[in-house]
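Let's take a walk through this chain together, starting with the whole and then moving to a few spots worth a look. Have the viewer ready so you can follow along.

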Amino acid sequence: FFNDTATTEIYTLSLHALFRSAKSIAEREEINIFWGERAVRVDEQGVHLKSGTIVQSNSVIWATGAEPHLLHHSLDLPKDDHGFIRVSHSLQSQDPELPFVFAAGDCASLPDAVAKAGVYAVRQGPVLAENIALFLKSQTLKNYVPQREFLRLIGTSDGKAIVAKWNFALWTTWGWDLKDYIDKQFMQLFAGREMNHTEEGNEIGQYDEKLGMQADVSSLTGEKAAGILSVDRQDFRVANAVLKRMADDDAFREETCEALAKPSYGQDDSVIGILLLWLTVTFLASTLAGCIFFLTSKWAEVDIGAQDVVLHNVSPPKSVSFLQSTRGSTDSEGLSLHLPELNLIPIQNMKWAEIKD
């Protein structure tokens, strides 16, 4: 269910490409989307919508975004319109009388509005830890600088994932491979009790150095980079290297995004392209086979008026066709057709139509 607020937020975050891709996949999987609706309650009948419609269901999954914890209501701290704690760039409460209160992650509302996403929260963690230590030492705190854009990887439960960033969205197998690898590497950081500090303004990721992604894409043009990203089963390390360079090089990013916007790189057009390629290959193969058959086959011209015809040195065909003679005779009365090399039963005393069939 998408209500007006959710739809507005999607477009505010410039997720047009992601939205279109997800919508296309939902339609392909016969997932119904109710636009402009709001779920008001759930009971044994199903999901009740504000419009009065009841959607029958046997399982309901709530995916409604972040909400402030109930604890927030009891805290006398500056909050935004949604109830999240207002903090400065140093993640410190904006209440001058409570400088020792810090907040990070979804519960925090920064001066620069950012989405409630884990990619921001995990990067605030090292800054938060360092600033608490600096505060206790009465030293100057450091600022958390949120990245301008982040890579969205959304699994679609079929071995693929939607890869969305900037103005493009791709539905690929390498997207899922990348997500799976990053998630596992991230969890290993906790197992090793080691969290890496990220440099301020790092556009790619806190943990890239742990991923071992060293593919060299420095010489690629935007057109070739778009081609790499559009390959469904691309090596995710190579694809990630392209994304990293796009984040570091504005001109390269613009060139690649412009190439990805062309229909030739569209997800919907890829199926048509594969089909056309298959038809072309099939046609060429059939034509080649026909030419070979024509060149290797032996043709015999016989007089249908003869009483006994023997054909020698004829390539074994899948079927034998009889053509009407130039003299107009269509009867085969008394005609025996012998093909010694094929060991076929002779055809005798059959009418033309029967022989033809």
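What follows goes from the overall picture to strands, cores and one single residue.

First of all, keep in mind that this is a predicted model. The chain has 357 residues, and 32% of them are buried. Along the way you'll meet 11 helices and 10 strands. About 23200 Å² of the chain is exposed, with carbon and sulfur atoms supplying 55% of that area. As for contacts, take those in the chain with a separation of 6 or more: residues 24 or more positions apart account for 50% of them.

Now for the strands. One open sheet is built from three of them, in the order S1-S2-S3, and the pairing is antiparallel. Its edges are S1 (39–43) and S3 (54–55), each of which pairs on one side only. Strand S2, residues 46–49, is joined to S1 by four bridges. If you'd like one pair to look for, find Arg-41, whose bridge partner in S2 is His-48.

Next, move along to strand S7, residues 161–165. Is this strand enclosed or open? All five of its five residues are buried, so S7 is largely enclosed by the rest of the structure. In a regular strand, side chains alternate between the two faces of the sheet. Here, Ala-161, Val-163 and Lys-165 point one way from S7, while Ile-162 and Ala-164 point the other way. Notice that Lys-165 is among the buried residues, too.

S7 also has partners to explore. Strand S6 (residues 152–155) pairs with S7 in the antiparallel sense over four bridges, and Leu-153 stands opposite Val-163. The two strands make a hairpin with five residues between them, and in that turn Ser-157 has a positive phi of about 60 degrees. Then comes S8, which runs antiparallel to S7 and is joined to it by five bridges. Lys-165 turns up again here, standing opposite Phe-168 in S8. S7 and S8 form a hairpin as well, with two residues between them; Trp-166 sits in the turn, with a positive phi of about 55 degrees.

Trp-166 and Phe-168 lead us straight to the largest nonpolar core. This core has 24 residues, and Trp-166 and Phe-168 are among the members that touch the most others, along with Trp-174, Leu-229, Val-242, Leu-243 and Met-246. Strand S8 (168–172) and helices H5 (173–191), H7 (222–230), H8 (236–248) and H9 (250–260) each supply at least two residues. H8 gives the most to this core, with seven. Zoom in on Phe-168 and, leaving aside residues up to four places away in sequence, you'll find that it touches Ala-17, Val-163, Leu-229, Leu-243, Met-246, Cys-257 and Leu-260. Apart from this core lies another one of 12 residues, including Leu-91, Ala-103, Ala-117 and Tyr-120.

Our last stop is Thr-256, in helix H9. Why does Thr-256 count as buried? Its relative accessibility is 0%, and buried means under 20%, so Thr-256 qualifies. A polar atom of the Thr-256 side chain lies 2.8 Å from the backbone oxygen of Phe-252. Not counting residues up to four places away in sequence, Thr-256 touches Gly-222, Ala-225, Ala-226, Leu-229 and Met-246. You've already met Leu-229 and Met-246 as members of the largest nonpolar core.

Notes:
Residues numbered from 1 in each chain as written. Predicted model: local features only at pLDDT ≥ 70, side-chain atom pairs only at ≥ 80, totals over all residues. Heavy atoms only, no water. Pairing = 2+ DSSP bridges. Core = buried A, V, L, I, M, F, W, Y, C linked by side-chain atoms within 4.5 Å. Buried < 20%, exposed > 50% of the residue type's maximum accessible area, 1.4 Å probe, protein only. Contact = heavy atoms within 4.5 Å. Areas by Shrake-Rupley, 256 points an atom, 1.4 Å probe, with all protein chains shown as cover. Polar contact = N/O pair within 3.5 Å; in protein donor to acceptor, adjacent residues only side chain to side chain.
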